[in-house]
Amino acid sequence: MLWFILRRCGSAVLVLFLSSVLIFLGIRALPGDPATVMAGQEASPAAIEAIRKEFGLDKPLPAQYVDYVGQTLTGNFGRSTQDQIPVAQILAERLPVTLELSALAMLVAIVVGVGAGIVAAVRRGKLADYVATGFGLAGLSVPHFWLGLLGILLFAVTWQVLPASGYVPFTEDPAQNLQRMILPALVLGTGFAAILMRQTRSAMLGALSADYVRTARSKGLSEIKVVGAHALRNSLTTVVTVLGLQLGALISGAVVTEQIFVIPGFGKLTVDAVLTRNYPVIQAVVLVTVLGYVLVNLLVDIAYAFLNPRIRLSGGGHD
């Protein structure tokens with residue numbers, strides 16, 4: 001088990017290193033001179049050269065990469081080219097907003113998706129199964145932007161039960177915060193719930209037809225214990241794996257959702273930085289996103305090992 005965790009940690013470090021190289025080279029491969037973009041088209045050559053020296057753009061690429069890694073490891077992501085605010089400060093303000101939205105969306109997805117998947121598997125071929133399958137198909141087919149606009153039209157304009165947009169920090173007013181985050185979380189979590197429903201249903205159907213489930217039923221165990229303690233427990237490995245793999249889709253969906261509901265989170269920050277060619281912010285946002293993705297998948301691997309006794313005993317891979 002310990003060897004398995006150490007191997008996964010080593011793989012995570014390698015992925016972070018390769019990602020940092022790709023991010024560094026990708027930003028510098030964008031068309032145009034970053035110094036000219038920062039200074040403006042009307043800036044003098046002296047001003048452009050001063051900016052190049054300030055940001056180390058006059059150094060060779062290997063030296064720039066060493067400086068980039070050294071500053072990143074100390075939490076120094078540079079300053080925004082738009083307002084000269086430290087990028088670390090911007091990330092500290094925006095990241096908790098997206099984390100809250102993602103956590104609420106994931107909660108919606110787990111409750112709705114896993115619950116519907118269990119019901120669909122237990123009631124296979126009946127009305128509940130068809131309803132859950134139809135929900136899954138609709139959730140996968142409807143894009144976030146259309147569902148968000150529909151939600152605003154219904155809940156904010158027609159019924160007037162939820163705000164249409166905006167954000168209030170949880171520390172200022174918890175009730176207002178949750179009221180404004182419910183609709184974005186439902187929109188973002190719907191597609192994720194549909195994926196979880198389909199995977200949970202498939203895993204549960206396989207577990208319910210396994211020999212150990214038939215043995216449990218032959219021993220006289222109640223259906224609740226058979227489904228919950230045996231079938232569901234062995235299906236959780238699939239659910240946990242899907243949770244980790246779909247994190248990227250959740251983050252990409254947050255970009256669209258935050259734009260629609262005017263939520264000042266990571267997604268909106270990314271779009272604004274790309275539109276304004278704010279290189280330090282783009283670089284930091286992508287790196288932090290990759291770091292979060294790698295950490296979550298590392299936790300998923302560890303959780304998978306705890307749920308799968310074969311890995312826990314042998315320290316092997318997903319076999």
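# Close-up views of a fourteen-helix predicted model

**View A. The side chains of Ser 20 and Tyr 65 form a polar contact at 2.8 Å.** The model shown here and in the views below is predicted. Ser 20 belongs to helix H1, which covers residues 2-28. With a relative accessible area of 9%, Ser 20 is buried, because this value falls under the 20% limit. When residues up to four places away in sequence are not counted, Ser 20 touches Tyr 65 and Tyr 68. Tyr 65 is thus both a polar partner of the Ser 20 side chain and one of the residues that Ser 20 touches.

**View B. The largest pocket encloses about 520 Å³ of space.** Its lining comprises 24 residues, and those closest to the pocket centre are Arg 28, Phe 55, Gln 71, Gly 78 and Gln 283. At least two lining residues are supplied by each of H1, helix H2 (34-39), helix H3 (45-54), helix H4 (61-73) and helix H13 (279-307). Helix H4 provides the largest share of this lining, with five residues. By class, the lining of the largest pocket divides into 10 nonpolar, eight polar and six charged residues.

**View C. The second largest pocket holds about 360 Å³ of space.** Eighteen residues line this pocket, and Leu 99, Ser 102, Leu 247, Ile 251 and Val 296 lie nearest its centre. Two or more lining residues come from each of helix H5 (87-122), helix H10 (223-245), H11 and H13. The lining of the second largest pocket consists of 13 nonpolar and five polar residues, with no charged residues. Helix H13 therefore contributes at least two residues to the lining of the largest pocket and two or more to that of the second largest pocket.

**View D. Ile 251 lies in helix H11, which spans residues 247-261.** Ile 251 is among the residues nearest the centre of the second largest pocket. How buried or exposed is Ile 251? Its relative accessible area is 25%, so Ile 251 counts as partly exposed, the class between 20% and 50%. The C-alpha atoms of Ile 251 and Tyr 293 are 9.3 Å apart in space, although 42 residues separate the two in sequence.

**View E. The largest nonpolar core contains 35 residues, of which Leu 196 and Phe 261 touch the most other members.** At least two residues of this core come from each of H5, helix H7 (144-158), helix H8 (174-208), helix H9 (211-218), H10 and H11. Helix H8 gives the largest share of the core, 12 residues. Leaving aside neighbours within four places in sequence, Phe 261 is in contact with Gly 148, Ile 152, Ala 164, Ser 165, Gly 166, Leu 183, Pro 184 and Val 187. Another core lies apart from the largest one; it has 18 residues, including Val 281, Ile 282, Val 285 and Val 288.

**View F. Gln 84 and Val 262 both have positive phi values without being glycine.** Most residues other than glycine have a negative phi. For Gln 84, phi is near 65°. Gln 84 is located in the loop between H4 and H5, and with 39% relative accessibility this residue is partly exposed. For Val 262, phi is about 55°. Val 262 is located in the loop between H11 and helix H12 (266-275). The relative accessible area of Val 262 is 43%, so this residue also counts as partly exposed, below the 50% limit for exposed residues.

**View G. The whole chain, given for orientation, contains 14 helices and zero strands.** From the N terminus onward, the elements run α-α-α-α-α-α-α-α-α-α-α-α-α-α. The C-alpha trace spans about 85 × 55 × 35 Å along its principal axes. Of the 319 residues in the protein, 37% count as buried. Among contacts with a separation of 6 or more, 70% join residues that are 24 or more positions apart.

Terms used:
Residues are numbered from 1 along each chain as its sequence is written. This is a predicted model: local features need pLDDT of at least 70, side-chain atom pairs count only at pLDDT 80 or more; totals for chains, interfaces and linings use all residues. Side-chain values use heavy atoms; hydrogens and water are left out. Helices (H or I, at least four residues) and strands (E, at least two) are DSSP runs, numbered from the N terminus. Buried means under 20% relative accessible area, exposed over 50%, partly exposed in between (1.4 Å probe, protein chains only). A polar contact is a pair of N or O atoms within 3.5 Å; within protein, one must be able to donate a hydrogen and the other to accept it, and residues adjacent in sequence count only if both atoms are side-chain atoms. Contact means heavy atoms within 4.5 Å. On a 1 Å grid over the protein atoms alone, a cavity is a set of points where a 1.4 Å probe fits but cannot get out, and a pocket is an open set with protein on both sides within 12 Å along at least five of seven lines; lining residues have an atom within 4 Å of a point. Grid points are joined across faces, edges and corners, and a volume is the space filled by probe spheres set on the points. Ala, Val, Leu, Ile, Met, Phe, Trp, Tyr, Cys and Pro count as nonpolar, Asp, Glu, Lys and Arg as charged, and the others, Gly among them, as polar. A nonpolar core is a set of buried Ala, Val, Leu, Ile, Met, Phe, Trp, Tyr and Cys residues joined through side-chain atoms within 4.5 Å.
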